Amino acid sequence: MQMLPRLRACLASIARPAASTLAIGLLLVAALPVAAADAPSKFELLDGDRVVMIGNTLIEREGRYGAIESMLAASYPDRRITFRNLGWSGDTVWGVARAYWEKPDEGYKSLFDLVEELKPTVVILGYGNNEAFGGPAKLQSFIEQYEKLLTDLQKHTKRIVILGLIQPTWEPTSKQHRQQIREYDAALQKLAEKHGLTFVSLADLWQDGKKPSAKTVGSTSTLTDDGIHGNTAGYEKLGQLLASRLQNPTQTEPAAIANFDELRALILAKNELFFHRWRPQNRTYIFGF
């Protein structure tokens, strides 16, 4: 796979302090269909694309597994495409989790400072499961803020993919909360259609019909750690789902991809370096309060 030598050569450059290194390509690929609402969902990543993933815990944890990137990278092994993960656990479309000790709206501004720096040509969005706890009373404000997020992102690119909400497989999940997730998910799909964007349903993502081990407390799925957060197998399923939406996917299963384990190991090393580059643990001592 021709991408591996170039990927190894690029890893060190991410750790450099210069802001320009954030845009250096690592031959990582993401490909998702983006099309008009009345056309089939087909999309092909182009050489030179800059893909940025933005969202909550679902997106952040992908950085630990690298399954989505590995699956998508195998679809375009000869193209130079950067892939950056800006996921933040517990985040919402308001960016509140990103605010640190600052005012809530500073989190949203901080996100777009990075977006401006990375200049994405493709954006993958994963928001909604946290906001769904607000129920029907908060649905309209969620959609309005999501629309603002889309408007602000479309200043950089029109190629945006919206990921739907996930139904937990955690047994105690109430019927009311499951219904709220369905309502928020349906509203997101309608929003994607309004803007002519691709909507990828994840409602049944963690469903597998298998009996999990006793270690997976409360879950009815082998694809999660706890019925909510995906494990390695879960993220591989998600990667296969997204890869299957490519116009001409070359591979759809990890076992069929040459050097898959080595590719994923390099992706994980890249993700760790980039994570500490934009979210340093000692941020306070670097930037002050």
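Which residue is the bridge partner of Val123 in β4? In this predicted model, the partner is Ile160. That pair is one place to enter the sheet, and the description below works outward from it.

The sheet is open and has five strands, in the order β2-β1-β3-β4-β5, with parallel pairing. Strands β2 and β5 (198–200) are at the edges, and each has a single partner strand, so one side of each lacks a neighbour in the sheet. From one strand to the next, the twist averages 20 degrees.

Strand β3 covers residues 122–126, and five of its five residues are buried. The cover extends to both faces: Val122, Ile124 and Gly126 lie on one side, Val123 and Leu125 on the other, and all are buried. Strand β1 (residues 50–55) pairs with β3 in the parallel sense over five bridges, and Val51 stands opposite Val122. The pairing of β3 with β4 (residues 160–163) is also parallel and is made over three bridges. The chain connects these two strands through helix α5 (residues 136–153), and β3, α5 and β4 together make a right-handed β-α-β unit.

Beyond β4, the sheet continues to β5. Three bridges join these strands, which run parallel, and Ile162 has Phe199 in β5 as its bridge partner.

In the other direction, β1 leads to β2, and the two parallel strands are joined by six bridges. Gly55 is matched there with Gly87, its bridge partner in β2. Strand β2 spans residues 82–87 and is mostly covered, with six of its six residues buried. Thr82, Arg84 and Leu86 point one way from the strand, while Phe83, Asn85 and Gly87 point the other way; all are buried. This holds even though β2 is an edge strand with a single partner, so a side without a neighbour in the sheet does not leave the residues of β2 exposed.

The loop between α4 (104–118) and β3 contains Lys119. What is the phi of Lys119? Lys119 has a positive phi of about 50 degrees, although it is not a glycine. Most residues other than glycine have a negative phi. The relative accessible area of Lys119 is 42%, so Lys119 is classed as partly exposed.

Two residues in later helices can be read in a similar way. Lys237 lies in helix α7 (residues 232–244). Is Lys237 buried or partly exposed? Its relative accessibility is 29%, and because buried means under 20%, Lys237 counts as partly exposed. Leaving out residues up to four places away in sequence, Lys237 touches Asp204, Leu205, Gln207 and Leu223. The C-alpha atoms of Lys237 and Met71 are separated by 9.8 Å, with their positions 166 residues apart along the chain.

Arg264 is found in helix α8 (residues 260–278). With a relative accessible area of 13%, Arg264 falls under the 20% cut-off, and it is therefore buried. Which residues does Arg264 touch, not counting those up to four places away in sequence? They are Tyr65, Gly66, Ala67, Ser70, Thr232 and Glu236. Of these contacts, Thr232 and Glu236 fall within the residue range of helix α7.

Technical notes: Residues are numbered from 1 along each chain as its sequence is written. This is a predicted model: local features need pLDDT of at least 70, side-chain atom pairs count only at pLDDT 80 or more; totals for chains, interfaces and linings use all residues. Side-chain values use heavy atoms; hydrogens and water are left out. Buried means under 20% relative accessible area, exposed over 50%, partly exposed in between (1.4 Å probe, protein chains only). Helices (H or I, at least four residues) and strands (E, at least two) are DSSP runs, numbered from the N terminus. Two strands pair if DSSP finds at least two bridges between them. A crossover is right-handed if, with the strands pointing away from the viewer, the path from the first strand over the helix to the second runs clockwise. Contact means heavy atoms within 4.5 Å. Axes are lines fitted to C-alpha atoms, for helices over the stretch in contact, and angles run from 0 to 180 degrees between N-to-C directions.
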